[in-house]
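Subject: Handing over a structure

Dear colleague,

I am passing on the structure below, and the notes after it are meant for someone meeting it anew. Please look at the structure first and then read on.

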Amino acid sequence: MNYLNKEIVVIGLGYVGLPLAVKLAAHFKVIGYDISIDRIKELTDCNDSTKEIKKNILRKAKNLIFTCDKSMISNKCIYIITVPTPVKKNKLPDLSLLKNACKLVGKNIHKGAIIIFESTVYPGVTKNICAPIIAKESNFKLNEGFYLGYSPERINPGDNQHSLDKIIKVISGSNNKITKIIGKIYETIITAGVFYAKNIEVAETAKAIENAQRDINIAFVNEVSLLCQKLNISVYDVLNAAKTKWNFLPFQPGLVGGHCIGVDPYYLAHIAKKLNSSTDVILSGRRLNDSMTAIVFKEIEKQIRKDSRILQIGISFKENVPDIRNSKSAELAKLFLEKKYKIEIHDPVANPKEVQIDFGLTLSKLSGKYDYIIIAVAHNFIYRNNINILKYTKKSSTIFDITGKFKNKLSKNNIKYWSL
Ligand SMILES: NC(=O)c1ccc[n+]([C@@H]2O[C@H](COP(=O)([O-])OP(=O)(O)OC[C@H]3O[C@@H](n4cnc5c(N)ncnc54)[C@H](O)[C@@H]3O)[C@@H](O)[C@H]2O)c1
């Protein structure tokens, strides 16, 4: 079969699936399938609420169809699965959406189809969990009636420098021939090139450790920042000095939310535990990063008055994205509200409706002067629109900059500046 002239079905059109579908549509006919009717409706109207793809690009994507109609994805030869892989309340992997996607694909594939997974998983999921579901639903055998690939997504939403095409794509497949075909498909869209991992488990593990490593490094710097507070020195001054050494890794302290860095280490820990392998480093980093919101809240609370007017800038889980999943800045705002502080939240990037539904929080416009300003997320709008934060301060206000991005950039008589 010549796979390079076949249609590609992308299952799950979120932060990962949509940019991928759009890029692929420049070379292939692409069907973008999502279970969310609302998502399909907005994409058909050329609106992307994740803000990753602009209207004019969606308008121009002629080879791309959006659908939630299962019959449209039946009997195809290439499927790429990009559905969420979150954790449950008890922090164990929640593979239910991935399993549903496997059932759907298994019921619909053409004989000889390749199913490529981009969702983040723990090592072994593709072969041991996904393959049996597809085999059962399709009545085909792996490497006879269908083939598998795993190619982890490494995009960084909100970052237009490291776009999909500029990040080397790790490729793996269920046999050598299929791996090469998968590589050829991705080579058409990835200008940075592809890297052939030894096998699917290697590619799965590589992705999971990339994010776990980042989590651990941030946890380390967070721990150092807490020590620096006790030493009465700035962690940023310490980092500026330390990073003059060629091999020092310049991570920054802060809140770790979202659905990747704060989630993927639990996937790794889960498989490690199953195999009776230690997870001390991974989980201790996770614990510290998870406790940072409460630590920051307590630190700020020590320095503020109850009857004051507080502004928090930023509610999404990181800068320049509307994504509020597992947002630590939302958690922070809720801590203030629970303790009856008068806090107003401003975030023109996040979707006010979603913020209300997910967290019960109402977003406000900037107005008047505040006793305290908490910069929780350093969205570009603060710089781009030249929002002069100082305009909103009183004579004796304090700015709590959790991001540290405005250190030495905000100066005015009597205004106090605090960072981790
Ligand atoms: N967002 C990131 O920064 C990022 C980066 C790298 C990897 N990842 C990984 O990629 C995967 C997808 O993440 P995301 O951020 O794009 O998720 P997302 O929530 O933005 O999008 C997922 C989409 O899949 C749809 N969906 C869920 N189940 C479905 C099903 N059975 N069939 C069809 N559609 C279905 C949802 O409606 C949603 O639109 C996750 O495993 C994530 O860990 C995410």
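Which residue in β11 does Ile 310 stand opposite? The residue is Tyr 372, and I come back to this pair below, after a word on the whole chain. Please keep in mind throughout that this is a predicted model.

The chain as a whole

The secondary structure of the chain consists of 13 helices and 13 strands. With a radius of gyration of 23 Å, close to the 22 Å that the globule rule gives for 420 residues, the chain is as compact as a globular protein of that length. Along the principal axes, the C-alpha atoms fill a box of roughly 70 × 50 × 40 Å. Buried residues make up 44% of the 420 residues, and among the contacts with a separation of 6 or more, 71% are between residues 24 or more positions apart.

Strands β9 to β12

Strand β9, which covers residues 309-313, is mostly covered, since 4 of its 5 residues are buried. β9 pairs in the parallel sense with strand β10 (residues 342-346) over 5 bridges, and in this pairing Ile 313 stands opposite His 346. Helix α11 (residues 328-338) belongs with these two strands, as β9, α11 and β10 make a right-handed β-α-β unit.

β9 also pairs in the parallel sense with strand β11 (residues 370-375), here over 4 bridges. This is where Ile 310 stands opposite Tyr 372, while Ile 313 stands opposite Ile 375, so that Ile 313 has a partner in β10 as well as in β11. In β11, 5 of the 6 residues are buried, so the strand is largely enclosed by the rest of the structure. β11 in turn runs parallel to strand β12 (residues 393-401), to which 5 bridges join it, and the bridge partner of Ile 374 in β12 is Phe 400.

The surroundings of the ligand

There are 29 residues around the ligand, and those that come nearest are Gly 12, Gly 14, Tyr 15, Val 16 and Ser 119. Helix α4 (residues 96-108) gives the most to this shell, with 4 residues. By character, the residues of the shell divide into 14 nonpolar, 10 polar and 5 charged.

Asp 215 in helix α7

Is Asp 215 buried or exposed? Asp 215, which is found in helix α7 (residues 200-231), counts as buried because it has 25 C-beta neighbours inside 10 Å, where 20 or more are needed. Leaving aside residues up to four places away in sequence, Asp 215 touches Val 256, Ile 261, Pro 265, Gly 285, Arg 286 and Asn 289. Between Asp 215 and Val 377, which are 162 residues apart along the chain, the C-alpha atoms are separated by 18 Å.

Two residues with positive phi

Two loop residues may deserve a look when you go through the backbone. Lys 51, in the loop between α2 (37-44) and α3 (55-60), has a phi near 65 degrees, which is a positive value in a residue other than glycine. With 16 other C-beta atoms within 10 Å, Lys 51 is partly exposed. Asn 232, placed in the loop between α7 and α8 (235-242), likewise has a phi near 65 degrees, again a positive value in a residue other than glycine. Asn 232 counts as exposed, because it has 6 C-beta neighbours inside 10 Å.

With kind regards

Key
Residues are numbered from 1 along each chain as its sequence is written. This is a predicted model: local features need pLDDT of at least 70, side-chain atom pairs count only at pLDDT 80 or more; totals for chains, interfaces and linings use all residues. The radius of gyration is taken over C-alpha atoms; the globule rule is 2.2 Å times the number of residues to the power 0.38. A residue is buried if 20 or more other C-beta atoms lie within 10 Å of its own, exposed if 12 or fewer, and partly exposed in between; C-beta atoms are placed from the backbone. Two residues are in contact if their C-beta atoms, placed from the backbone, lie within 7 Å. A residue is near a molecule or strand if its C-beta atom, placed from the backbone, lies within 6 Å of it. Ala, Val, Leu, Ile, Met, Phe, Trp, Tyr, Cys and Pro count as nonpolar, Asp, Glu, Lys and Arg as charged, and the others, Gly among them, as polar. Two strands pair if DSSP finds at least two bridges between them. A crossover is right-handed if, with the strands pointing away from the viewer, the path from the first strand over the helix to the second runs clockwise.
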